[in-house]
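Trainee: I should like a close look at a single part of this model, the region where its molecules meet one another. Please describe it in one connected account.

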2 protein chains.
Amino acid sequence: MQWFRDRCAEAGLPCTHQRQVLYRALLEAKDHPGPEMLYERVKRDIPSVSLGTVYRNIKTFLDNGLIGEVSLHHGPLRLEANNTPHHHLVCRVCRKMFDLPAEQVESIHLREALPKGFHLERFVVEAHGLCAGCAAPKRTGRTH
Amino acid sequence: MQWFRDRCAEAGLPCTHQRQVLYRALLEAKDHPGPEMLYERVKRDIPSVSLGTVYRNIKTFLDNGLIGEVSLHHGPLRLEANNTPHHHLVCRVCRKMFDLPAEQVESIHLREALPKGFHLERFVVEAHGLCAGCAAPKRTGRTH
DNA sequence: TGACGGATGAGAATAATTCTCATCTAATAG
DNA sequence: CTATTAGATGAGAATTATTCTCATCCGTCA
Ligand SMILES: [Mn+2]
Ligand SMILES: [Mn+2]
Ligand SMILES: [Zn+2]
Ligand SMILES: [Zn+2]
């Protein structure tokens, strides 16, 4: 939590009671919770907190790198008819996705066994980075 | 497309004009489109199609394995404070997620270079399967 | 302490998805 | 080829997820 207060100070973010409780809820969570779940947990300490504040601060924390999103794929469903085994390249900025044939990736190996009880079906690999468009250096001068 | 008609017959699904156009749109798409995008594309051929029909048939196709979802993570945002490098085990049924420390996965190697122009930042690995709860055999007898 | 810029709570607005129901149509039997 | 009918469709309401607006409040810094 001291780390949290320091990062708020660095980023020029007021360290409000709501923010501290929200961040602590996320620190203690082991279940990768979503906004509604965090709202419930924050409400235990601050019954008057609003859902809007939870969403607003989640976004603030993400923008400042205080917390992370579990996946680049939240939001609308995305689909494909391609049923050959393959992985994806994903642009972290525009979220375009490109196919990466499975045979192009060497098989995955673990150094230890998976936790007891989990029944593994397959490994999915995503290459995250910037697509050609998003990696291109900004044009000099006018931006439009 | 013949494959599509055969699979519809197998599954006992009427092979409607809407379904054929929707499936063809997905076959021809290389951009992993979402429901709104598919709706636009189907409307070119069937201007009267409704967005509800697009969503309904997407779900029908998914349930019957005719098409695939790109990721298990669409839907509400999920978050974590854990900023150590790590991957995840993901249950395909209940979508619970468990951490998998990065050092437990041997580094990823490609057999060919990535497509020109993509700037790789990191590989993300997901172990998909069934969690202990979802893998447990159904109790015999009553289901509740 | 006091001033003030950014944060908050309440609730409206928008986006994403699902549901309801009257009507229509693909599949099949005659 | 027509009649039958189970299931599909279009329209739009309902629900869920997220963002926005604004009057008021509070953490920070002088
Ligand atoms: Mn793909
Ligand atoms: Mn994690
Ligand atoms: Zn991009
Ligand atoms: Zn599960």
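Mentor: The account below begins with the nucleic acid surface and then turns to the contact between the protein chains.

The model is predicted, so local features need pLDDT of at least 70 and side-chain atom pairs count only at pLDDT 80 or more, while totals for chains, interfaces and linings use all residues. Residues are numbered from 1 along each chain as its sequence is written, chains are lettered from A and ligands numbered from 1 in the order in which they are written, and side-chain values use heavy atoms, with hydrogens and water left out.

Around DNA strand C there are 18 residues, of which A:T16, A:Q18, A:R19, A:T53 and B:Y55 come nearest; a residue is near a strand if one of its heavy atoms lies within 4 Å of it. On the DNA side, 82% of the atoms of strand C that come within 4 Å of the protein belong to sugar and phosphate. By class, the surrounding residues comprise 9 nonpolar, 6 polar and 3 charged (Ala, Val, Leu, Ile, Met, Phe, Trp, Tyr, Cys and Pro count as nonpolar, Asp, Glu, Lys and Arg as charged, and the others, Gly among them, as polar).

Phosphate oxygens of strand C are approached from both chains. A polar backbone atom of B:C15 is 3.1 Å from one, and a polar side-chain atom of B:K59 lies 3.2 Å from one. In chain A, a backbone N or O atom of A:S48 lies 3.4 Å from a phosphate oxygen. The elements giving two or more residues to this surface are α2 (17-28) and α4 (51-63) of chain A and α4 (51-63) of chain B; helices (H or I, at least four residues) and strands (E, at least two) are DSSP runs numbered from the N terminus.

Between the protein chains, 66 residues of chain B are in contact (heavy atoms within 4.5 Å) with 67 residues of chain A. The rule finds 2 salt bridges across this interface, a salt bridge being a side-chain nitrogen of Lys or Arg within 4 Å of a carboxyl oxygen of Asp or Glu. A:R92 forms a salt bridge with B:E121, the closest N and O atoms being 2.7 Å apart. Strand β5 (residues 119-130) of chain B supplies the largest share of the side of chain B that touches chain A, 12 residues. That side divides into 36 nonpolar, 16 polar and 14 charged residues.

How values were computed: Polar contact = N/O pair within 3.5 Å; in protein donor to acceptor, adjacent residues only side chain to side chain.
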